[in-house]
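Biologist: Could we go through a model together, feature by feature, with the general idea before the particular case?

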Amino acid sequence: MGKRIKKGKIFVQIASYRDPELNNTLEDMLANADNPDKLVICIAHQFSKDDEWDNLDKYKDDKRFKILSIPYQDAKGACWARNLIQQEYDKEEYTLQLDSHHRFVKSWDTKVIKMYEKLRKNGSNKPLLTSYISSYDPKNDPEKRADKPWGMKFDRFTPEGVVFFLPYWLDVKPLNPIPARFFSAHFAFTTGKFAEECQHDPELYFHGEEISLAVRAFTHGYDLFHPNEIIAYHEYTRQGRTKHWDDNSDWGIANKASHERMRKLLGVDGECAPCQRKKLFAQYGLGTERTLEDYEEYAGIRFKDRALRTSTTDNLIPTLGKKDEQWNFKFKHCIDIHGSSFKEDDYTFAAVILLNKDKKEIYRKDQMGFDHMVKSHKMSFMNIWVEANVEKPDSWIVWAYSASKGWVEQITGKL
């Protein structure tokens with residue numbers, strides 16, 4: 001006979017990598033909870049002995065804590081760490097996934113449970129509250145805390161096919177949580193069963209984690225919502241924190257493999273037939289309560305050709321039942337070129353050109369003020385943003401024009 005659900009308990013999941021904010025996060029979480037004794041806090045503590053501040057000895061005998069001690073040299077990335085945590089789930093009624101750099105509002109636990117239960121009462125069987133939550137600044141707290149709840153909106157497909165998001169302010173505070181397209185790995189509250197039903201894929205590294213979980217959660221029957229009031233705050237800058245990729249020179253190999261795995265799961269650019277996914281992904285695949293096509297219709301994102309609906313680019317509330325809405329294309333990418341690639345001192349502009357796989361030009365825009373851009377980036381990378389309503393290009397050209405010599409350096413790159 002299986003274990004009974006532990007009513008009122010929250011299984012808190014925190015993956016921490018050499019984070020100077022971890023102890024402050026834990027102290028603030030406990031101090032602002034109405035029922036701190038109902039928290040079960042599992043931490044994947046990826047630490048270095050050189051970081052004297054990264055010490056959890058004060059919690060080692062605290063029965064609320066499950067601390068997975070991992071020397072940083074043994075760590076394998078964010079999703080791997082989150083998966084380890086989920087193996088410690090023990091039938092707590094709820095779960096809350098966080099990063100290790102947060103602050104909390106007073107009575108945060110009561111508020112988020114009340115929000116969740118109201119959604120269930122209003123007809124959602126499996127609500128999931130998630131968002132890029134409002135920001136705080138550890139160097140100036142609480143004065144620099146954002147004063148409005150945030151949501152998540154579509155930003156772009158990366159060249160590798162990962163969907164990136166941006167936060168946005170909910171200017172008018174809604175009466176209820178609002179339907180969401182996307183999943184945030186730094187704030188996700190739902191039934192504790194999620195830790196069993198929709199575990200992190202340990203083979204993913206970092207990029208692709210959130211869009212994969214958005215689709216997987218949705219196809220497992222979860223309804224995604226953004227909280228309509230602030231529950232907690234997140235620190236976004238990463239200043240003063242060592243990241244896993246800082247300590248691992250071969251992180252790019254793992255990230256590339258992660259991109260490929262994510263593309264197969266979601267069928268990005270037509271990769272991987274649906275019949276192959278079950279074999280490839282097993283318990284880390286899509287659910288059976290809804291289909292990938294259901295998510296695409298709901299979110300207004302079509303992975304096979306990176307198409308978008310206007311309701312998505314306009315950040316309207318997502319719903320099912322938009323099959324008649326037109327699909328569009330939007331390409332957005334940052335081209336990085338080192339300033340030392342350009343030798344002249346009298347540039348007037350540079351032509352930024354996108355080509356399709358047949359080497360035909362599908363977009364051009366002249367980057368004005370290029371001389372100033374080059375001179376201010378002689379020893380650093382320039383960021384040239386390109387945004388166009390075209391299908392995914394195959395390659396790009398940045399072709400500089402000198403006032404005295406005409407067309408000069410032509411820098412090219414694949415996408």
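Modeller: What follows takes up two helix packings, a pocket and two backbone details of this model, which is predicted.

Biologist: At what angle do α5 and α9 pack, and how far apart are their axes?

Modeller: Helix α5 (residues 209-219) and helix α9 (residues 292-299) pack at an angle of about 110°, and their axes are 9 Å apart. Angles of 65 to 115 degrees count as roughly perpendicular, and therefore α5 is described as roughly perpendicular to α9. The crossing of these two helices is right-handed.

Biologist: Which residues of α5 and α9 make the contact?

Modeller: On the α5 side they are I211, A214, V215, F218 and T219, and on the α9 side L292, D294, Y295 and Y298. Sorted by class, the contact of α5 with α9 has seven nonpolar residues, one polar and one charged.

Biologist: How should the packing of α5 with α7 be read, as roughly parallel or roughly perpendicular?

Modeller: Here α5 and helix α7 (residues 251-266) pack at an angle of about 25°, with their axes 10 Å apart. Because angles under 35 degrees count as roughly parallel, α5 is taken as roughly parallel to α7. The handedness is that of a left-handed crossing as α5 passes α7. From α5 the contact draws on I211, S212, V215 and R216, and from α7 on M262, L265 and L266; by class, the residues of this contact divide into five nonpolar, one polar and one charged.

Biologist: Turning to the largest pocket, how much space lies in it, and which residues are closest to its centre?

Modeller: The largest pocket holds about 1100 Å³ of space. It is lined by 40 residues, of which D99, F206, E209, R238 and W245 are the closest to its centre. Among the elements that each supply at least two residues of the lining are β1 (6-17), α2 (78-86), β7 (150-157) and α5, while the largest share, five residues, comes from β8. By class, the lining has 18 nonpolar, 11 polar and 11 charged residues.

Biologist: Where in the backbone would you look for unusual geometry, and what is the general expectation?

Modeller: Most residues other than glycine have a negative phi, and most peptide bonds are trans. In this model, a cis peptide bond joins D141 and P142, with omega at about 10°, and P142 is found in the loop between β6 (127-130) and β7.

Biologist: What is the phi of K91, and in which loop does K91 lie?

Modeller: K91 has a positive phi of about 70°, although K91 is not a glycine, and K91 lies in the loop between α2 and β4 (92-98).

How values were computed. Residues numbered from 1 in each chain as written. Predicted model: local features only at pLDDT ≥ 70, side-chain atom pairs only at ≥ 80, totals over all residues. Heavy atoms only, no water. Axes fitted to C-alpha atoms, helices over the stretch in contact; angles between N-to-C directions. Helix = DSSP H or I, 4+ residues; strand = E, 2+ residues; numbered from the N terminus. Parallel < 35°, antiparallel > 145°, perpendicular 65-115°, else oblique. Left-handed = near helix turned anticlockwise from the far one by under 90°. Contact = heavy atoms within 4.5 Å. Nonpolar A, V, L, I, M, F, W, Y, C, P; charged D, E, K, R; others polar. 1 Å grid on protein atoms, 1.4 Å probe; cavity = no way out; pocket = protein on both sides within 12 Å on 5 of 7 lines; lining within 4 Å. Points joined across faces, edges and corners; volume = space filled by probe spheres on them.
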